[in-house]
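Here are my notes on the structure, as numbered points. Please read them with the coordinates open.

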Amino acid sequence: MKYLFALVILLTPLRLFAAATQWADFTLINGHIYLPVTVEGVETKVMLDSGAQIHAINKAFIGKHNLALSKGSLMRIRGVNGTENRTAYNNVNVNLFGVDFELDKVVEFSMGRHTTGMLLGASFFYPFIVQINYPDQKIRLITRDSVDMSEVANVRSMDDRGSGMPIAEIEINGKPFWFLVDTGSNAGILMERRYAAQAGLLDEVDGSTITRGVNRAAVQDYATAKTVQFGPFEITDVKVLFPAEGETSNLENQFSATGTRIKGKKVVGILGYGLFKHFLLTLDYKPGKLHVDLPPE
């Protein structure tokens with residue numbers, strides 16, 4: 001209830017200022033969006049990750065500032081590359097966009113150096129339409145009653161009530177596939193190996209790389225798709241990743257969504273920063289509506 005109440009507070013200034021916040025600058029680090037935030041009175045950075053089903057706090061940040069947080073129950077967390085039990089905390093004090101609120105069930109993760117304090121997951125995005133201008137590194141929030149996304153959406157997309165994330169259809173080398181839309185993924189297109197085969201990518205493998213999920217690292221092969229159709233835009237020479245032969249992953253059951261049929265749609269992977277980086281994205285997470293455009297001059 002604390003978090004729901006905080007979201008109502010966050011919405012109030014939007015209605016007072018033409019139903020939208022001012023554009024806020026963000027920092028891109030390895031394809032991830034970071035904003036300034038205060039956690040337990042300490043100024044730090046927060047990563048926004050629409051693909052995460054939880055909020056998280058950095059273990060190194062807790063240790064650096066000797067934070068005495070209220071422990072909750074263990075939470076079982078499934079990532080792309082594995083599943084683990086993690087400690088969760090309640091009553092975590094946060095200030096973002098000048099608004100104070102508390103979060104419960106904030107999961108402890110190793111998120112690199114202590115200078116990154118938190119990650120905010122999908123539920124942060126639910127009450128708003130979110131606009132992300134990737135080339136200019138700006139973000140703003142818009143009230144849902146000010147824009148009819150059903151009319152302006154130009155990507156075939158819908159909501160997945162199981163994961164709370166939008167899913168969208170793109171074409172790879174002329175073949176259509178459905179993906180989770182994940183602003184927290186720094187990959188471009190990550191898909192299951194068998195579906196990469198259907199797109200003709202296994203005959204075009206360029207090499208391999210190591211990717212790290214929330215729980216462990218994994219080896220991914222990559223290939224270059226000749227064309228990717230994303231809404232009204234056709235993009236050429238796009239890098240696509242898929243698990244190396246013999247690797248296991250949770251791509252097919254992450255969030256109990258990928259690899260399953262959602263409203264009759266087979267979801268085969270994740271779309272991330274490597275695809276989004278050229279565009280202005282407008283996302284409404286509740287109905288799963290998505291509009292993509294080039295930023296204004």
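1. Glu169 is a convenient place to start. The residue belongs to strand 17, which covers residues 165-172. The model is a predicted one. The side chain of Glu169 makes a polar contact with the side chain of Trp178, at 3.4 Å. Leaving aside residues up to four places away in sequence, Glu169 touches Val155, Arg156, Pro176, Phe177 and Trp178. Trp178 therefore appears both as a polar partner and among the contacts, given that contact means heavy atoms within 4.5 Å.

2. Trp178 also comes up in connection with Gly269. The two are 91 residues apart along the chain, and their C-alpha atoms are separated by 7.5 Å. Gly269 is located in strand 24, residues 265-271. With a relative accessible area of 0%, Gly269 is classed as buried, because the limit for that class is under 20%.

3. Overall composition. There are 5 helices and 26 strands in the protein. Of its 297 residues, 53% are buried. Among contacts with a separation of 6 or more, 62% are between residues 24 or more positions apart. The accessible surface is about 13600 Å², and carbon and sulfur atoms contribute 49% of that area.

4. Salt bridges. The count is 4. One of them joins the side chains of Asp25 and Lys138, with an N to O distance of 2.6 Å. Asp25 is in strand 1 (residues 24-25) and Lys138 is in strand 15 (residues 138-143), so this bridge ties together parts of the chain that are 113 residues apart in sequence. As for burial, Asp25 is exposed at 52% relative accessibility, while Lys138 is partly exposed at 29%.

5. Another salt bridge is formed by Asp284 and Arg144, whose closest N and O atoms are 2.9 Å apart. The two residues sit in distant parts of the chain, 140 residues apart: Asp284 in strand 25 (residues 280-284), and Arg144 in the loop between strand 15 and helix 3 (149-152). Is Asp284 buried or exposed? Asp284 is buried, at 2% relative accessibility. Arg144, at 26%, is partly exposed.

6. The side chains of Asp221 and Arg193 also meet in a salt bridge, at 3.0 Å from N to O. Here the pair links strand 21 (residues 217-230), which holds Asp221, to helix 4 (residues 193-198), which holds Arg193; the two residues are 28 apart, and the parts of the chain are distant. Asp221 counts as buried, with 9% relative accessibility.

7. Aromatic residues. The model has 7 aromatic pairs. In one of these, Phe26 and Tyr134 are arranged edge-to-face, with 6.4 Å from centre to centre and 75 degrees between the planes. Phe26 lies in the loop between strand 1 and strand 2 (27-29), and Tyr134 in the loop between strand 14 and strand 15; the pair links distant parts of the chain, 108 residues apart. Both Phe26 and Tyr134 are buried. They belong to one aromatic cluster together with Phe230, Phe233, Tyr273, Phe276 and Phe279.

8. A charge over a ring. Lys239 is placed over the face of Tyr222, 4.3 Å from the ring centre.

9. Ala122 is in a loop, between strand 13 (116-120) and strand 14 (128-133). Is this residue, Ala122, buried or exposed? Ala122 is buried, at 2% relative accessible area. Its C-alpha is 9.6 Å from that of Thr183, and the two are 61 residues apart in sequence.

10. Backbone angles to check. Which value does phi of Glu40 take? Phi of Glu40 is near 50 degrees, a positive value in a residue other than glycine. Glu40 is in the loop between strand 3 (32-39) and strand 4 (42-48), and is partly exposed at 26% relative accessibility. Asn173, not a glycine either, has a positive phi of about 50 degrees. Asn173 is found in the loop between strand 17 and strand 18 (175-181), and is partly exposed with a relative accessible area of 28%.

Key
Residues numbered from 1 in each chain as written. Predicted model: local features only at pLDDT ≥ 70, side-chain atom pairs only at ≥ 80, totals over all residues. Heavy atoms only, no water. Helix = DSSP H or I, 4+ residues; strand = E, 2+ residues; numbered from the N terminus. Polar contact = N/O pair within 3.5 Å; in protein donor to acceptor, adjacent residues only side chain to side chain. Buried < 20%, exposed > 50% of the residue type's maximum accessible area, 1.4 Å probe, protein only. Areas by Shrake-Rupley, 256 points an atom, 1.4 Å probe, with all protein chains shown as cover. Phe/Tyr/Trp six-rings, centres within 6.5 Å; stacked < 30°, edge-to-face > 60°. Lys NZ or Arg CZ within 6 Å of the ring centre and 35° of its normal.
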